[in-house]
Amino acid sequence: MFTIYFRKHLQTIHKVGVFTAFVLLGMKANAQSNTTYTLDSLQSMARTRYPQTRQLLLANQKSTESIKIIESNWLPKATVVGTASYQSEVSRVTLPASIPATIESPKKDQYKAGVELSQLIFDGGVSQTNKTIEALNLESETNRIEGELLKVKNQVNNLFLGLLINEEYYKALINVKKDLTARHVNIESAVESGTMLSTTMMELEAEMIGLDQQMVESKSQRLSLLSTLSFLVQEALDT
């Protein structure tokens, strides 16, 4: 059975009425475990587990990486450069026969390699403009996602309040049923003694049937509210 209690917490500066919903979950046949869900905890679960929250995290990561790439344009860059050439003819040096040495002729294909260092000094404000655009894109995406999350929060609020109202309404129906049951006993005795018409008891029985129907509808509404809330917070809430 889903039971809701009202508790008031006294804070240091002022009193704040806090509604706390206690969901009684049947854990075993002979034992029950009480799990407490406050409005804040339900809102937190809905926000954390909503798919858009993941998108918000990814958007922040993407923006951070993009800004790092933009800022890296100002870092020194090393570039390996190289050239190759081919000589169809090369010079030859011939030494006299009296000198016991030889000088090899250079190869026709020659290669030259080196490293060039460069650093951006001025880009005309392009980097700053790109960073501003990236920040605006992140802000726009964040606002869009926060808008979706705000809708989810409002849904949780409405469902939570609906469950509280439903519980109190059901309690009121129970009290009315007790009153009608007591009246039925008295009227039944009066009808049997002949001091009251049987139509009066029939009218009361019809009213009791209508009340039973309201109680069934209230239970159905409670199940619907709880099922939707369970879906939003991704938490199994047993009726």
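Helices (DSSP runs of H or I, at least four residues) and strands (DSSP runs of E, at least two residues) are numbered from the N terminus. The protein described here contains four helices and five strands. Read along the sequence, these elements follow the pattern β-β-β-α-α-β-β-α-α. The structure is a predicted model, in which local features need pLDDT of at least 70 and side-chain atom pairs count only at pLDDT 80 or more, whereas totals for chains, interfaces and linings use all residues. Residues are numbered from 1 along each chain as its sequence is written, and side-chain values use heavy atoms, with hydrogens and water left out.

**Burial and the largest pocket**

Of the 239 residues in the protein, 23% are buried (under 20% relative accessible area, with exposed over 50% and partly exposed in between; 1.4 Å probe, protein chains only).

A pocket is an open set of points on a 1 Å grid over the protein atoms alone, where a 1.4 Å probe fits, with protein on both sides within 12 Å along at least five of seven lines; its lining residues have an atom within 4 Å of a point. The largest pocket holds about 160 Å³ of space (the volume filled by probe spheres set on the points). Its lining consists of Gln43, Ser44, Ala46, Arg47, Glu146, Leu149, Leu150, Val152 and Lys153. Two elements, helix 1 (39-49) and helix 3 (126-193), each give two or more residues to this lining. Helix 3 provides the largest share, five residues. By chemical class, the lining of the largest pocket has four nonpolar, two polar and three charged residues. In this division, Ala, Val, Leu, Ile, Met, Phe, Trp, Tyr, Cys and Pro count as nonpolar, Asp, Glu, Lys and Arg as charged, and the others, Gly among them, as polar.

**Helix 4 and the segment after it**

Helix 4 covers residues 198-233, which is 36 residues. From its first C-alpha to its last, helix 4 reaches 53 Å, close to the expected 52 Å (1.5 Å times one less than the number of residues).

Gln234 lies in the segment after helix 4. Although Gln234 is not a glycine, it has a positive phi of about 55 degrees. Gln234 counts as partly exposed because its relative accessible area is 47%.

**Contacts between distant parts of the chain**

Several residues of helices 3 and 4 have partners that are distant in the sequence. The table gives four such pairs, with each distance taken from C-alpha to C-alpha.

| Pair | Separation in sequence | C-alpha distance |
|---|---|---|
| Gln155 and Leu232 | 77 residues | 8.5 Å |
| Leu232 and Ala46 | 186 residues | 5.6 Å |
| Ala172 and Met215 | 43 residues | 10.0 Å |
| Gln214 and Tyr170 | 44 residues | 8.8 Å |

Leu232 belongs to helix 4 and appears in two of these rows, with Gln155 and with Ala46. Ala46 is also one of the residues that line the largest pocket. Leu232 counts as buried because its relative accessibility is 10%. Its partner Gln155 is in helix 3 and is partly exposed, because its relative accessibility is 40%.

The other two rows also involve residues of these helices. Ala172 is found in helix 3, and its relative accessible area of 36% makes it partly exposed. Gln214 lies in helix 4; at 34% relative accessibility, Gln214 is likewise partly exposed.

**Aromatic rings**

Tyr170, the partner of Gln214 in the table, also has a charged side chain over its ring. Arg222 lies over the face of Tyr170, at 4.8 Å from the ring centre. A charge sits over a ring if NZ of Lys or CZ of Arg is within 6 Å of the ring centre and within 35 degrees of the ring normal.

How many aromatic pairs does a search of the whole structure find? The search finds zero. Such a pair would need the centres of two rings of Phe, Tyr or Trp (its six-membered ring) within 6.5 Å, with planes under 30 degrees apart counted as stacked, over 60 as edge-to-face and the rest as tilted.
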